[in-house]
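Here are a few short exercises for getting to know a new structure. Try each task on your own before you read the solution.

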Amino acid sequence: MPTFLSDHVANTTDLRLIAALQCDGRVTAERAGDVLGLAPRIVARRWSALIGDGTARVIAATPRPAPDGVMLLRIRVLRGKLDAVARALAARDDIPMIDISVGGDQLSALLLSTPDDRNRLVFKQLPATSAVTSVEAETIVHVFSDVGGWRLDALTAEERQALTPTRPDPSALAAATRDVTLLDDTDRAIAAALAVDARMSASALSRRIGHPESTVRRRVSSLFDEGVLHTRIVVDPHRLGLRVDANIRMRVAPAHLDETGRRLAAHPAVHGALATTGPSNLYIAVWLRDLDHFYEFLTQDLAALNVDIIDTVLVGQDFKRLSPGW
């Protein structure tokens with residue numbers, strides 16, 4: 001079983017408050033308290049504690065880029081050499097995610113790079129590394145869901161609707177009405193500050209970037225309303241009571257791939273569902289309470305779908321997670 005940094009598990013109220021932030025990372029304590037039936041001071045205090053202890057972090061991000069050429073890598077490594085290979089890969093800017101298997105013998109990584117850099121790593125550098133025994137590379141051809149769209153199953157449909165602002169869908173790159181590359185210096189400064197803390201107030205932003213608060217408030221509203229920015233909640237699943245982290249590859253008949261991918265993307269345990277090339281054409285990442293719950297997911301939820309072969313890897317450590325949009 002994986003080792004965990006903390007035995008602390010959020011309670012029901014905390015889970016509901018994190019779920020409220022998943023609906024709108026900049027929602028006020030007054031609004032959340034009104035919808036959830038809690039005093040605003042309690043909401044503010046619990047959010048401060050949850051963000052302070054690392055259970056949740058609220059950031060602002062731009063829409064996820066199209067998955068053109070993005071690859072999933074599975075790298076098998078000699079025992080005793082895994083940390084060194086993981087560190088070398090983590091130093092690359094084009095690898096935002098690395099998982100280490102619970103068995104300590106393989107890495108799963110996400111690779112974002114140009115074709116030349118991608119081919120050099122996959123076909124030359126990794127195979128030439130004596131510690132690496134094999135490399136499998138699968139290209140992502142469709143994204144059904146990513147971790148940024150994952151939601152705790154802790155609110156009613158009515159509560160979720162009340163807390164979710166009407167804004168462009170952040171999962172679609174075309175949602176933004178302004179090209180992110182064309183932002184001016186003020187918008188870039190705001191985006192950079194909110195990428196660290198999306199709940200930063202207009203007054204704090206004003207002090208940070210040296211512009212009037214009224215200007216900052218107007219610019220922030222515009223960036224979110226036009227879909228240039230959206231909030232994402234980065235969570236520690238262990239602190240949410242989700243102690244099993246697993247990556248599952250499966251093979252699905254082409255006629256059922258889209259339907260199966262969509263159904264799994266909507267499952268509360270699934271925080272990522274991708275169609276890929278290779279022998280396994282559907283990849284999902286799941287968070288579950290324990291191994292009993294994981295077994296139920298395999299034998300009941302997956303068994304009810306048009307899934308053929310299932311290949312499961314339990315994650316022992318999320319070595320690098322810098323890509324909340326995947």
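A bit of vocabulary before we start: an angle of 65 to 115 degrees counts as roughly perpendicular. Keep in mind, too, that this is a predicted model.

**Exercise 1. Work out how helix 1 and helix 3 are oriented to each other, and find the residues where they meet.**

Step 1: Locate the pair. Helix 1 covers residues 12–23 and helix 3 covers residues 40–52.

Step 2: Look at the geometry. The two pack at an angle of about 85°, and their axes are 10 Å apart.

Step 3: Apply the cut-off. Helix 1 and helix 3 are therefore roughly perpendicular to each other.

Step 4: Find the contact. From helix 1 come Asp14, Leu17, Ile18 and Leu21, and they meet Val43, Arg46, Trp47 and Leu50 of helix 3. Sorted by class, this contact has 6 nonpolar and 2 charged residues, with no polar ones.

**Exercise 2. Trace the barrel: in what order do its 8 strands close?**

Step 1: Go round the ring. The order is 2-4-3-10-7-9-8-5, with antiparallel pairing. Neighbouring strands here are turned by 35° against each other on average, if you ignore direction.

Step 2: Remember what holds such neighbours together. Strands of a sheet pair through backbone hydrogen bonds.

Step 3: Check some pairs. Strand 3 (residues 97–101) pairs with strand 10 (residues 307–321) over 5 bridges, in the antiparallel sense. One to look up is Met97, whose bridge partner in strand 10 is Arg321.

Step 4: Try another spot. Strand 5 and strand 8 (residues 270–276) are joined by 4 bridges, again antiparallel, and Ile140 has Thr276 in strand 8 as its bridge partner.

**Exercise 3. Describe the surroundings of strand 2: which strands pair with it, and why is it largely enclosed?**

Step 1: Take one side. Strand 2 runs antiparallel to strand 4, with 6 bridges joining them; Arg76 stands opposite Gln106 of strand 4.

Step 2: Take strand 5. Strand 2 pairs with strand 5 over 7 bridges, also in the antiparallel sense, and Val77 stands opposite Val132 there.

Step 3: Add the helices. Helix 4 (residues 82–90) lies across strands 2, 3, 4, 5 and 10, running at about 170° to strand 3. Helix 5 (residues 115–125) packs on the sheet too, touching strand 2, strand 4 and strand 5, and its direction makes about 25° with that of strand 2.

Step 4: Count the buried residues. In strand 2, 6 of the 7 residues are buried, so the strand is largely enclosed by the rest of the structure.

**Exercise 4. Decide for Arg74 and for Arg87: buried or exposed?**

Step 1: Place them. Arg74 sits in strand 2, while Arg87 lies in helix 4.

Step 2: Set the limits. Under 20% relative accessible area means buried, and over 50% means exposed.

Step 3: Compare with the values. Arg74 has a relative accessible area of 3%, so Arg74 is buried. Arg87 has 53%, so Arg87 is exposed.

Step 4: See who surrounds Arg74. Leaving out residues up to four places away in sequence, Arg74 touches several residues, including Gln106, Ser134, Glu136 and Arg249. The Arg74 side chain also makes a polar contact with the side chain of Asp311, at 2.7 Å.

Step 5: Finish with a distance. Arg87 and Val132 are 45 residues apart along the chain, and 14 Å separates their C-alpha atoms.

Note on methods
Residues numbered from 1 in each chain as written. Predicted model: local features only at pLDDT ≥ 70, side-chain atom pairs only at ≥ 80, totals over all residues. Heavy atoms only, no water. Axes fitted to C-alpha atoms, helices over the stretch in contact; angles between N-to-C directions. Parallel < 35°, antiparallel > 145°, perpendicular 65-115°, else oblique. Contact = heavy atoms within 4.5 Å. Nonpolar A, V, L, I, M, F, W, Y, C, P; charged D, E, K, R; others polar. Pairing = 2+ DSSP bridges. Buried < 20%, exposed > 50% of the residue type's maximum accessible area, 1.4 Å probe, protein only. Polar contact = N/O pair within 3.5 Å; in protein donor to acceptor, adjacent residues only side chain to side chain.
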